[in-house]
Amino acid sequence: MRIALAEKPAEPAAEAAPVSKFCQKHRGVMATEHCAVCQKPICPKCMELFGFFCSPLCKNKADLQGIEAPVYAGQKSQVEARFWRKTGLIFGSIVGLLVLFGGGWVWYAWFGSVPHPYFSVRFADDDRAYSGEAHLIGKDQIVFLHGGTLARYDLKTKKPVWSEELISKQQIADAVKAENDSMDQASAGGNHIHRSSQQTIEREVKIGLQRELQLRVAGQNIWVGKGDKLIHYDWNTGKVVREIALPEYGGELVESGDELLMLGAQSVTHVSLASGDSRIEQIGAKGATTLASNQGAGDSGGGGLFSTDGKPLDPAKVAAQAQNLKLAGRLALPALIGNASHEQQLEAALNDDPQHPRTKNAAASMVGQQSFQLIPGKDGFVQFSAKLLEERMVTRSAMKAAPKKSALDGDVNASKTGEIANELLNEMQRNAGGDTVTEDESRYQVTVHLPDSPGAPDWTGEVAGPPQLFPLKTVNVVAAGKTVIVLDKSNKKLWQATLTYSVPGGGIEMFGEKSNFGEGPCVEHGDTLYVFDQAVLSAFELTTGNARWRLPSVGVVGLFFDNKDMIYVNTTSGNPDDLKFARQIDIEKRTDDILMKVDPKTGKTLWSIKPGGFISYLSGKYIYTVQTDDPNPMDEEQMSDMAITKPPYFRIARIDPKNGRILWEHYQDRVPFDVRFHDNSIELVFKREVQVLKFLTF
């Protein structure tokens, strides 16, 4: 009998305790997770406070027992940490940007926006130059003439492409020998002459040879005028391509369209810039003189502070030199002037010495003589001739009466230095015959001929005072004394006006290239003719001559116009008494350079500043003024008096056209003899260096 023992079936596992679907702390909120320590259900609200723990107690247990739990991204501490990290990042970025912007602004304001040397070529001390110029070609090429050195440089590499010497040492030696021979012959004839040192003769010869050279650059065409030759140099090699013989020695080089013109008194040499072909145009009668011989009557030019040649003194030059003295020099000024006065008396006595007679030229009458001038205009040439009909020179007193009581009477101390110096200088002025001015009120017959308009008749008229002609865009203006006569381009007279004072006499200098200080004294702009005399700037309707406005201002030297037709006037702080007493010397009186912005419609002054120099360049937002002073520009032998003067200086200021504020100033303790501006580039030619300055702009 088998007995089978069946296994007892396994007992079912005990059921897990039921888990609530709702959070125990937040009734009605569904639980989504369990506590990582006690496994209690927790809802999102619990997790916002403690993450994957139900309470701080479980959180502490987990930290003690090393129980790891994931980080809940929605926990308040995590949300706040992310917020502050983001805030810190934003704030740090803003601060970083502000610091970067501030640093960039400081760098731009103090370094980037002010000019700094970008290119420089230095020369040896014995290779000094006294004339020359520099031309930027494109963005990376410069061609310059430094004394007798013609060169082209690459601005990127700062290296020369080529360099040529136009004045040889043999030329200088030959010229020095010729000068010495001339002085020997003069001495052998019994004449009393002052012999200069060999160093002085060599320097003056060098200056003369350098000043014969004229550089003109048009694109890749390089031309140099040299006496009776016009020379074309190759752009790539600097070698001579061709030489053109000129019918007259010297002359002015000007650009006109696609031609380069060499102007002589009786001829014009035309040179094609494209092909280099040339032709000579003969104009005018043989033997005619230039109009410049009649210019400058009544000119106030004269000697400086320590002049001893017995000639009248130039009050403006004397005042400028006195104000440039150091303190020691100003205190010693009366003694220095007394010494100069004594030397002047010795010079006068020497002139009267019968053993050393001086040649005196009697003034020959100019009545009936005719002068001739060929003047380049906007659309061709104008021939201008003047014939003296009646000579009438009017002399008037131009100084105040001498003081009844001398400044030397009574107590003499340092405070009276200026007063004593003025008295001594004015006494020297009177003794030299410089207390009067002579004004030319002669009658002239003037003729305007238009060679490029064969059908136009000549215009002939009579004027009083030295005549000048200003060829403008649509009219030609004849100015003489206080009169301006306006002709159209067919020589028909449009109108005539009388001014308050005489038009400044510019002579041939006004007829060449535009002055460094602006256009004038007759300027056509739009439908207006602007004319400035010695003390008034006037605006006339171009076609009728009706006066639109007049602006009193003594000493206007030039006008500039911006792209909105606003007028920028270079003038001075002078007053009408400066014209009345033009020969009076006052070393304590300072005449400042003034720059005014004027509304062309009303003549109202929008702003006026004393920039310390005249404006020399205006193009768009770029306005520059230049101020220089060089007590010894030609390196003459130093006198003991010169040691008390201040050193030379050169200053450029950039002006804000909106309000006249000075944006920056650039100083150097030397003076260039050529300054050219091209927006944010400045080319300077010094005696021993050619330099290019640049600055950043936006």
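**Reading surface, sheet and side-chain pairs**

Modeller: W105 is exposed, with a relative accessible area of 51%. Please bear in mind throughout that the model is predicted.

Colleague: Where in the fold does W105 lie, and which residues form a nonpolar patch with W105 on the surface?

Modeller: W105 is placed in helix α3, which covers residues 76-112. Its partners in the nonpolar surface patch are F101, V106 and W110, and together the four have about 560 Å² of accessible area. The label "exposed" applies to W105 because exposure requires over 50% relative accessible area, and W105 has 51%.

Colleague: Let us turn to the sheet. In what order do strands β35, β36, β37 and β38 stand?

Modeller: In general, the strands of a sheet pair through backbone hydrogen bonds, in either a parallel or an antiparallel manner. Here 4 strands form an open sheet, ordered β35-β36-β37-β38, with antiparallel pairing. The edge positions are taken by β35 (614-619) and β38 (662-668); each has a single partner strand, so one side of each is left without a neighbour in the sheet. On average, neighbouring strands of this sheet are turned by 20 degrees against each other, direction ignored.

Colleague: How many bridges join β35 to β36, and which residue of β36 stands opposite Y617?

Modeller: The antiparallel pair β35 and β36 (residues 622-629) is joined by 5 bridges. Opposite Y617 stands Y624 in β36.

Colleague: How many salt bridges does the structure hold?

Modeller: The general idea is that side chains of opposite charge can pair when their charged atoms come close. The structure holds 23 salt bridges. One of them is formed by the side chains of E133 and R676, at 3.0 Å from N to O. E133 belongs to strand β4 (residues 132-137) and R676 to strand β39 (residues 674-678), so this pair ties together parts that are 543 residues apart in sequence.

Colleague: Are the two partners buried or exposed, E133 and R676?

Modeller: E133 is buried, at a relative accessible area of 12%, whereas R676 is partly exposed, at 24%. R676 also meets D674 in a salt bridge, at 3.1 Å from N to O. D674 counts as buried, with 12% relative accessibility. A network of salt bridges with shared partners joins D125, R128, D635, K687 and R688.

Colleague: Which parts does the salt bridge between D140 and K156 tie together?

Modeller: The closest N and O atoms of D140 and K156 are 3.7 Å apart. D140 lies in the loop between β4 and β5 (141-146), and K156 in the loop between β6 (149-154) and β7 (159-165), so the pair ties together parts that are 16 residues apart in sequence. D140 is partly exposed, with a relative accessible area of 22%, and K156 is exposed, with 63%.

Colleague: Finally, how many disulfides does a search of the whole structure find?

Modeller: The search finds 0 disulfides. C23 is in no disulfide; its nearest cysteine sulfur belongs to C46, 3.5 Å away. C43 is likewise in no disulfide, and the nearest cysteine sulfur, that of C23, is 3.6 Å away. Neither pair is counted because a disulfide requires sulfur atoms within 2.5 Å.

Colleague: Are these cysteines buried or exposed, C23 and C43?

Modeller: C23 counts as buried at 1% relative accessibility, and C43 counts as buried at 0%.

Note on methods:
Residues numbered from 1 in each chain as written. Predicted model: local features only at pLDDT ≥ 70, side-chain atom pairs only at ≥ 80, totals over all residues. Heavy atoms only, no water. Patch = residues over 30% accessible without salt bridge, like charges linked within 9 Å, V, L, I, M, F, W, Y side chains within 5 Å. Areas by Shrake-Rupley, 256 points an atom, 1.4 Å probe, with all protein chains shown as cover. Helix = DSSP H or I, 4+ residues; strand = E, 2+ residues; numbered from the N terminus. Buried < 20%, exposed > 50% of the residue type's maximum accessible area, 1.4 Å probe, protein only. Pairing = 2+ DSSP bridges. Axes fitted to C-alpha atoms, helices over the stretch in contact; angles between N-to-C directions.
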